[in-house]
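Dear colleague,

Please find below the sequence and the structure for your consideration. My findings follow directly after them.

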Amino acid sequence: MTQVDTTPILDAEEEAHAKREKLIKLARWTLPSLVLFLTLASWQAYVTIAEVPHYVLPSPLLIAETLVKDWEILWPALIVTGRLTLIALILAVIGGVGLAVAFTQSKWIEMSLFPYAVVLQVTPVVAIAPLLQIYVDSAFVAALLCAWIVAFFPILSNTTIGLKSADHNLQDLFTIYGATGWQRLRYLTAPSALPFFLGGLKIAGGLALIGAVVAEFVIGRAGTGLGLASTLLEASYRFNFGRLYAALILISVMGVVVFALMSLISHLCLFRWHESALKRE
Amino acid sequence: MAIQRAPLGERDELLRMSHVEKTFRGDVVALKNMNLVVNQGDFISLLGPSGCGKSTALRLIAGLMRPTSGQINWQGGQGEGDLGVVFQEPTLMPWASVKHNVWLPYRMRGKSYSSVKDEVLHALKLVGLEKFQNAYPRELSGGMKMRVSIARAMVTKPRLILMDEPFAALDEITRHKLNNDLLALRERIGCTVIFVTHSVFESVFLSDRIVVMAARPGRVIRELDVTAPYPRDEAFRTSPEYAEHARLASDALHQAIEVAA
Ligand SMILES: Nc1ncnc2c1ncn2[C@@H]1O[C@H](COP(=O)(O)OP(=O)(O)O)[C@@H](O)[C@H]1O
Ligand SMILES: [Mg+2]
């Protein structure tokens, strides 16, 4: 075997390169933080100097204050929205993957159902939600359906493509070794589909949250309980702009957390073998 | 420990293709009246220009498709694990470690890894990769991936190994090295091989029989015995005997290209 020399050779050029890398790493955090700070500071200054009333634009300090003061209202609301998002996402995974497997097992099922999956996807969910509210007795189920409809399509379409993307030579090899249908799915098609599925999951996580927010707006607290979006809506009726902004910020934070979680899951599943997780020197 | 092989002409028959024809979509004749006898211990090269049906012949033997007419008969019938295959690409599962890739043929027969661990590691040792058993394919070079692919093809000690231009995508140095190692491996385990190539030199170096094919329609036009004894090493590549066989094979190949044109 060839010997690989692993001792670093640090000449001047490499040192400069390393310095640059360090700087970039630092800038990745400090630059956005700086932008955030400057924005908040000028916002605060504008509101104070121009004496903007708080029901037109609350100051960042007021929002922060409200976040703390109203935490007893906001935290349960966050749990409600989070739960709806999570359940919808889980159901989207089950539904999307289940349908995708059915599609690849039978062309007939795919031909019969795929157009309707597309129709569901392209019809704006805001237009469907009121109907759901009318036809589905339980308002919670209606809200769930609403979030599910938005979230399941990327999982379905990505997983379907993934299941069909297994290498042809590997397919032949499995045939030669007399693999059963289950072995083929378990050891070949499913792992080939995994990166595609995870790509869909990342999109679906964000969409599930959007679906949940839409459901709260349209179906209201009757179905979902008082979630972040309903809290936001109520606050706007009462001109409580401090709380409105606090709820809005929490929704964004939740979106970021959901995305980070999905990215983490994806990384954990792929980092050992997939090209997308490969770090090039 | 070298394997004892009967001399050419005294070997037991393993597989026979008789009057095999394969037509695609009703009019593309990929193979016409192909006859081939494979004996135990043979190293046969299928040599021919591209499009002459070499891959088709292998796919028919592998049972991946049926001949339009004619027969392919295994001596004593074909059983589980009789075949190993190496494609032009390494065709490894990127999500599985090297050892789990080699485990695949056993796994499809319901054998747990621990029950065949010794065989898997032995196969990896034979191709010089036992240190890389836990590596993932993306961490390996092209040549190393091909070695894993070879280990997987031979781990179950199949009666026949089919190789479809396995080294065509590798650089010349790696290719020579793998040719040497493949022969050394054959001396150790005594496998029967059908090796598809369009390189005259590769076919002469490796095989004891060269089957030259022509295209449109794909058929066998010549069979040459390479009588040089094994083991063959680098010295064989520069010997007059090698040059003479290469000349014969090259002539046959040119004839194959001419009759097709
Ligand atoms: N699945 C297929 N469908 C239609 N034609 C095919 C198929 N496979 C091979 N052929 C045709 O059969 C001929 C022989 O192909 P192949 O066996 O791949 O040749 P080789 O491996 O010698 O290059 C070619 O003309 C090719 O186009
Ligand atoms: Mg070919």
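The model is a predicted one. In chain A, the axes of helix α6 (residues 139-163) and helix α8 (residues 181-219) come within 7 Å and cross at roughly 155 degrees. Since angles over 145 degrees count as roughly antiparallel, α6(A) is therefore roughly antiparallel to α8(A). The crossing in which α6(A) passes α8(A) is right-handed. The residues of this contact comprise 26 nonpolar and eight polar ones, with no charged residue.

As regards chain A as a whole, its secondary structure amounts to eleven helices and zero strands. The radius of gyration of chain A is 25 Å, well over the 19 Å that the globule rule gives for 281 residues, so chain A is more spread out than a compact globule. Along the principal axes, the C-alpha atoms of chain A fill a box of roughly 75 × 70 × 30 Å. Of the 281 residues in chain A, 33% are buried.

The surroundings of ligand 1 may also be of interest to you. There are 13 residues around ligand 1, and those that come nearest are B:Phe24, B:Ala30, B:Lys54, B:Ser55 and B:Thr56. Two elements of chain B, β2 (28-39) and α1 (54-61), each supply at least two residues of this shell. The largest share, three residues, comes from α1(B). Divided by class, the shell around ligand 1 has seven polar, four nonpolar and two charged residues.

Yours sincerely

How values were computed
Residues numbered from 1 in each chain as written. Chains lettered and ligands numbered in written order. Predicted model: local features only at pLDDT ≥ 70, side-chain atom pairs only at ≥ 80, totals over all residues. Axes fitted to C-alpha atoms, helices over the stretch in contact; angles between N-to-C directions. Helix = DSSP H or I, 4+ residues; strand = E, 2+ residues; numbered from the N terminus. Parallel < 35°, antiparallel > 145°, perpendicular 65-115°, else oblique. Left-handed = near helix turned anticlockwise from the far one by under 90°. Nonpolar A, V, L, I, M, F, W, Y, C, P; charged D, E, K, R; others polar. Near = placed C-beta within 6 Å. Rg over C-alpha atoms; globule rule 2.2 N^0.38 Å. Buried ≥ 20, exposed ≤ 12 C-beta atoms within 10 Å, placed from the backbone.
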